[in-house]
Amino acid sequence: MTTDAAFDIVRRSLANGRLPHAYLLCGEPRGAGLELARRIESLLLCDRRADAPDAAPCGACKSCLSVANGTHPDVLSVEPEKKSRIISMEAMRETFLPWASKMSYLGGWKVGAIFFADRLNESSANAILKTLEEPPPSTLFLLVTDKPEALLPTIVSRCHRLDLSTGRVPPAEPWRTRVGEILAKHTNGSMLRVMATSARLHALFEEIKGLAEEQVSERLKAQREADPNAALVDGDVEKALVSVREKELRGAVYAAIQDWYRDLLVYATLRETGAPADGPGSPEPCFPEFREAIAARAARTPSRLAQRYVEFAGKIQQQIEARFIADTIVFPHWLAWMK
Ligand SMILES: [Zn+2]
């Protein structure tokens with residue numbers, strides 16, 4: 001499932017008062033798994049939750065910001081040690097177990113996240129198991145791994161498992177490359193830049209319109225040749241076929257725009273956690289050839305903002321396709337935000 005779908009499951013469980021004690025997040029610990037863990041932490045800790053328990057985390061309050069920065073006092077993140085690449089019993093004894101037994105610092109929830117949970121050794125895995133068997137109150141555990149099969153079955157059975165889709169499917173060509181070339185030049189949100197980028201995306205849509213007309217007319221011609229007695233397709237039907245095809249092709253452009261900002265989110269998150277972009281568990285970027293352009297932008301984009309951009313990018317499609325607002329209005333509106 002997508003991180004959105006997984007997040008929604010958690011959100012609904014919380015709203016119904018049925019939050020489990022632990023989730024096993026099966027996804028890349030430096031990619032989708034981390035993204036989901038941060039969103040769940042914000043959900044539980046957001047300052048605005050008291051006013052609107054059903055709302056999504058605001059992403060802007062003190063708690064949300066400290067979750068994004070990894071400095072929230074009620075979030076403990078455990079990772080394998082750099083040298084041994086193991087989560088050792090010493091680490092458990094020194095940080096995790098004392099933290100788990102204490103009340104939360106701010107009086108609300110506390111969240112213990114274990115990244116690369118497959119790297120727990122036998123004794124640390126047993127320590128976690130014991131904690132999961134007698135969970136402390138108002139505490140949520142998140143075990144993040146892309147190798148769930150390497151975990152003790154007794155641990156897995158104590159967690160509510162959420163499988164995130166592994167591996168991203170890059171958007172269709174040539175649209176992926178075309179969108180990449182356009183967005184690599186979108187280096188700031190100045191009016192001039194916004195108008196230039198919007199014009200390029202609009203030109204791409206115009207090109208798609210021509211292509212859709214061509215493809216439909218070729219397909220109809222082939223049908224007529226195969227069956228000369230078939231009823232003629234009238235102009236209105238042909239127009240409808242073109243518009244369906246056009247919409248399909250535009251879908252690849254929207255997907256590419258959103259994937260561009262997902263790449264930005266991955267780089268921004270890696271930068272904040274200090275992890276190398278090609279380390280274990282790092283997801284494959286969809287735009288490897290624009291790595292430098294995206295990394296440069298990630299250097300000045302906090303991950304919480306990149307997360308918002310991914311959401312914004314989804315709205316572009318909604319507004320143009322579902323609400324029939326002209327792309328020449330929608331693109332400038334969003335691009336001014338998504339620097
Ligand atoms: Zn918040």
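These legends describe close-up views of a predicted model.

**View 1. The whole protein chain.**
The protein chain has 12 helices and five strands. Its C-alpha atoms fill a box of roughly 75 × 50 × 45 Å along the principal axes. Of the 339 residues, 46% are buried. Contacts often link distant parts of the sequence: among those with a separation of 6 or more, 78% come from residues 24 or more positions apart.

**View 2. The five-stranded sheet.**
The sheet is open, and its strands follow the order E2-E3-E4-E1-E5. The pairing is parallel. Strand E2 (75-78) and strand E5 (160-163) form the edges, and each pairs on one side only. On average, neighbouring strands are turned by 15° against each other, direction ignored. Strands of a sheet pair through backbone hydrogen bonds, either parallel or antiparallel.

**View 3. Helix H2 on the sheet.**
Helix H2 covers residues 32-45 and packs on the sheet. The helix touches E1, E2, strand E3 (110-115), strand E4 (139-145) and E5. The direction of H2 makes about 170° with that of E4.

**View 4. Strand E1 and its two partners.**
Strand E1 spans residues 22-26. On one side, E1 is joined to E4 by five bridges, and the two strands run parallel. Look for Ala-22, which stands opposite Phe-141 in E4. E1 also pairs with E5, again in the parallel sense, over four bridges. Here Leu-25 has Leu-162 of E5 as its bridge partner. Cys-26 is matched in E5 with Asp-163.

**View 5. The cover over E1.**
How many residues of E1 are buried? The count is five of five, so the strand is mostly covered. Both faces of E1 are covered. Ala-22, Leu-24 and Cys-26 are buried on one side. Tyr-23 and Leu-25 are buried on the other.

**View 6. The zinc site.**
Four sulfur donors hold the view together: Cys-46 (SG), Cys-58 (SG), Cys-61 (SG) and Cys-64 (SG) coordinate the zinc ion. The distances are 2.3 to 2.4 Å. Which arrangement do the four donor atoms make? Their angles at the zinc ion are 103 to 118°, so the arrangement is tetrahedral. The limits for that label are 85 and 135 degrees. Ideal angles for four tetrahedral donors are 109.5 degrees. Along the sequence, the donor residues are spaced C-x11-C-x2-C-x2-C. Two of the donor residues, Cys-61 and Cys-64, are buried.

**View 7. Asp-118 and its surroundings.**
Asp-118 sits in the loop between E3 and helix H5 (122-133). Is Asp-118 buried or exposed? Its relative accessibility is 14%, so Asp-118 counts as buried. The cut-off for buried is under 20%. The side chain of Asp-118 makes a polar contact of 2.7 Å with the side chain of Thr-145. Beyond its neighbours within four places in sequence, Asp-118 is in contact with Thr-145, Asp-146, Lys-147, Ala-150 and Leu-151.

**View 8. Ala-296 in helix H10.**
Ala-296 lies in helix H10, which covers residues 291-298. This alanine is partly exposed, because its relative accessible area is 48%. Partly exposed residues fall between the limits of 20% and 50%. Pro-153 is 143 residues away from Ala-296 along the chain. The C-alpha atoms of Ala-296 and Pro-153 are separated by 42 Å.

Technical notes
Residues are numbered from 1 along each chain as its sequence is written. This is a predicted model: local features need pLDDT of at least 70, side-chain atom pairs count only at pLDDT 80 or more; totals for chains, interfaces and linings use all residues. Side-chain values use heavy atoms; hydrogens and water are left out. Two strands pair if DSSP finds at least two bridges between them. Axes are lines fitted to C-alpha atoms, for helices over the stretch in contact, and angles run from 0 to 180 degrees between N-to-C directions. Contact means heavy atoms within 4.5 Å. Buried means under 20% relative accessible area, exposed over 50%, partly exposed in between (1.4 Å probe, protein chains only). A polar contact is a pair of N or O atoms within 3.5 Å; within protein, one must be able to donate a hydrogen and the other to accept it, and residues adjacent in sequence count only if both atoms are side-chain atoms. Donors are N, O and S atoms within 2.8 Å of the metal (3.2 Å for Na, K and Ca); water is not among the atoms, so sites may look incomplete. Four donors count as tetrahedral if all angles lie between 85 and 135 degrees; four count as square planar and six as octahedral if opposite donors are over 155 degrees apart and all others between 65 and 115; anything else is irregular.
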